[in-house]
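Me: Please take a close look at one strand of this predicted model and at what surrounds it. Start from a single residue pair and work outward.

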Amino acid sequence: MFYKFREVARRAFRQALPCALGMMAVQANSMPIDSDVVSTFDTSLEGWVGVTRGTEVVFHSSTVGNPAGSAFFRDGRGGGNGKIRAPEQFLGDWSLVSNLLYEHRIIYLGGEPRIESGWTVDIQGPGGAASFVTDPLKVRPSTEAWVEVIVPIIESEWQVTSGNWQDLITDVSLLDIEIELVFNGNPLSQANDRDQDAIDNVRLVSVPVPSTLMLLALTPLLLINHLRRRSRT
Ligand SMILES: [Ca+2]
Ligand SMILES: [Ca+2]
């Protein structure tokens, strides 16, 4: 009986191996991000770039940070709200990502009249696009302290502006975080007295146990268990 079971298992393994290797190859090409991705900006922008439309600039600051350096925004003459765009390591399959976290601080408010807004985060991919806007009742920008912004990667927290959430989240090819939160009135007359802002400690947090890898690890055990049951009948 044991010999028969061993032969059946060996045959099944030989048949299943190409399929399993094929699955692993597919997984390797589109592996979900399953460990935390972090930018601390301690010594550089770490691949992040500014998204600006005028003379405002994004650069690495070695003197402002929580701690050490940060991504720093200095407003100039231009339009729109300044953003920072994520490097490649933050992009890809977000199926296992639970939260995007970062810290923001208004370093200088600039001249009046001014309007402060909340934070907007944008993601895009082949499957669609979505925006997240912070709730001003839950979290407020500050000049006094670093404020942690928590962005849950849950569909109900986002406005999906095109495509659909499931397709988008499995292939995120663009991540923009708004860094400029102050509008200082007339853009021409106050070009030299505008806000400055900083972002530090951007983190993509993944769930601790990647379910897809767990499934792959369990597959041989399930197969052996199945064959063992069959050999008993
Ligand atoms: Ca830092
Ligand atoms: Ca501004």
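Reply: F73 stands opposite D197 in β14. That pair is a convenient way into strand β14, which spans residues 196-206. The coordinates discussed here come from a predicted model.

F73 belongs to the stretch covered by strand β4, residues 70-74. β4 and β14 run antiparallel and are joined by four bridges. β14 also pairs with β6, again in the antiparallel sense, over nine bridges. Within that pairing, R105 is the residue opposite A198 of β14. A further antiparallel partner is strand β1 (residues 37-39), linked to β14 over three bridges. Here V37 has L204 as its bridge partner in β14.

The strand is mostly covered, with eight of its eleven residues buried. For the protein chain as a whole, buried residues make up 25% of 233. One residue of β14 has an unusual backbone entry in the list: N201 is not a glycine, yet its phi is positive, about 55°. N201 counts as buried because 20 C-beta neighbours lie inside 10 Å, and 20 is the number at which a residue is called buried.

On the β6 side, I107 deserves a separate look. I107 sits in strand β6, which covers residues 97-108. Leaving aside residues up to four places away in sequence, I107 touches V64, Q196, D197 and A198. D197 is thus a contact of I107 and also the residue that F73 faces. Between I107 and F73 the C-alpha separation is 9.2 Å, although their positions lie 34 residues apart along the chain. I107 is classed as partly exposed because 15 other C-beta atoms are found within 10 Å.

The loop between β3 (57-61) and β4 contains P67, and A68 lies in that loop as well. The peptide bond from N66 to P67 is cis, with omega near -5°. A68 is a residue other than glycine with a positive phi, near 55°. With 15 C-beta neighbours inside 10 Å, A68 is partly exposed.

Apart from the pairings of β14, there is an open sheet of six strands in the order β2-β5-β12-β8-β9-β11, with antiparallel pairing. Its edge strands are β2 (49-51) and β11 (159-163), each of which pairs on one side only. Neighbouring strands in this sheet are turned against each other by 20° on average, direction ignored. Inside the sheet, strand β5 (residues 83-85) and strand β12 (residues 174-178) run antiparallel and share three bridges. I84 stands opposite I177 in β12.

As for the chain in general, the protein has three helices and 14 strands. Of the contacts between residues at least 6 apart in sequence, 79% join residues at least 24 apart.

Confidence should be kept in view. The average pLDDT of the protein chain is 82, and 73% of the residues score at least 70. Residues 16-29 have pLDDT below 50, and in the model this stretch has three contacts beyond near neighbours in sequence.

How values were computed. Residues numbered from 1 in each chain as written. Chains lettered and ligands numbered in written order. Predicted model: local features only at pLDDT ≥ 70, side-chain atom pairs only at ≥ 80, totals over all residues. Helix = DSSP H or I, 4+ residues; strand = E, 2+ residues; numbered from the N terminus. Buried ≥ 20, exposed ≤ 12 C-beta atoms within 10 Å, placed from the backbone. Contact = placed C-beta atoms within 7 Å. pLDDT = per-residue confidence, 0-100. Pairing = 2+ DSSP bridges. Axes fitted to C-alpha atoms, helices over the stretch in contact; angles between N-to-C directions.
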